[in-house]
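Biologist: Please take a close look at one part, the largest pocket, and place it in the fold. Which residues lie nearest its centre, and which strands supply its lining?

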Amino acid sequence: MTSTDKPSLMYFNSIGSAHLGFITVTEPGLNMPFEIKRVYWTYYTPQNVQRGGHAHFDLHQLIFAVSGKITFYTETLAGQKDTFVLEEPNVGLYIPNLVWRDITFSHSAVLLCLASDIYKSSDYIRSYEQFQSLRSS
Ligand code: TYD
C-alpha cells in the first residue's frame with residue numbers, strides 16, 4: 001500500500017486587523033486540497049490526554065487549532081516522523097491518508113477538522129501494528 005503525500009502545514013490569509021479581529025477562509029477551488037464532506041471539532045480535552053492513535057485508509061483532513069495549541073506527532077507509511085505545532089488559527093495541517101497521528105492539546109484548545117468524507121469506522125486503522133504491516137503490502 002502506498003501514499004505519496006506527506007502531512008504539511010498550510011498557511012491561509014488573515015483578513016482584518018489587530019483592532020478589529022480577523023477572518024480566515026477556505027473555499028473549494030481556491031485553497032482547499034480536497035472537497036469537504038464533513039466538519040467536526042473537538043474540545044475540552046484535558047492537557048494530560050493523548051488523542052488520535054490511528055491512521056485512515058482513505059480520509060484526507062485539514063485541521064486547525066482555532067483556539068489554543070495542538071501538537072500532532074505524525075508518521076507516514078514510509079516511516080517519516082514529524083511534529084507539527086498548531087497555535088495560529090490561520091495555519092492548518094493537511095494530513096493525507098495513511099498517516100499515523102497522536103495528538104496533544106493545551107488547556108481549552110479547540111480543534112477544527114475539515115474532512116474529505118463522511119464518518120466511516122471501517123476507514124480507521126487503530127492498531128499501530130496493522131499500520132506498520134501495511135508498509136510491506
Ligand atoms: P476519533 O476520530 O478516534 O477521535 P480522535 O482522533 O480525536 O481521538 O473519534 C473519537 C470517537 O468519536 C470515536 O468513537 C468515533 C466518534 N466519531 C464519530 O462518531 N464521528 C466522527 O465524525 C468522528 C471524527 C468521531
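Modeller: Helices and strands here are DSSP runs numbered from the N terminus, a helix being H or I over at least four residues and a strand E over at least two. On that basis the protein chain has one helix and 12 strands. Along the sequence, the pattern is β-β-β-β-β-β-β-β-β-β-β-β-α.

The model is predicted: local features need pLDDT of at least 70 and side-chain atom pairs count only at pLDDT 80 or more, while totals for chains, interfaces and linings use all residues. Residues are numbered from 1 along each chain as its sequence is written, and side-chain values use heavy atoms, leaving out hydrogens and water.

A pocket is an open set of points on a 1 Å grid over the protein atoms alone, where a 1.4 Å probe fits and protein lies on both sides within 12 Å along at least five of seven lines; lining residues have an atom within 4 Å of a point. Points are joined across faces, edges and corners, and the volume is the space filled by probe spheres set on them.

The largest pocket has a volume of about 210 Å³. Its lining has 15 residues, and Y40, T42, R51, H54 and I103 lie nearest the centre. At least two lining residues come from each of β4 (38-42), β5 (50-56), β6 (61-67) and β10 (99-105). By class, seven of the lining residues are nonpolar (Ala, Val, Leu, Ile, Met, Phe, Trp, Tyr, Cys, Pro), four are charged (Asp, Glu, Lys, Arg) and four are polar (the others, Gly among them).

Two of those strands, β5 and β10, also belong to an open, antiparallel sheet of five strands in the order β8-β7-β10-β5-β12; strands count as paired if DSSP finds at least two bridges between them. Its edge strands, β8 (81-86) and β12 (124-125), each pair on one side only. Strand β7 (residues 70-76) runs antiparallel to β8 and is joined to it by six bridges. In one of these, T71 has V85 of β8 as its partner.

For the chain as a whole, the radius of gyration over C-alpha atoms is 15 Å, which agrees with the value near 14 Å for a compact globule of 137 residues, the rule being 2.2 Å times the number of residues to the power 0.38. Of the 137 residues, 38% are buried, meaning under 20% relative accessible area with a 1.4 Å probe, protein chains only.

Note on methods:
Buried < 20%, exposed > 50% of the residue type's maximum accessible area, 1.4 Å probe, protein only.
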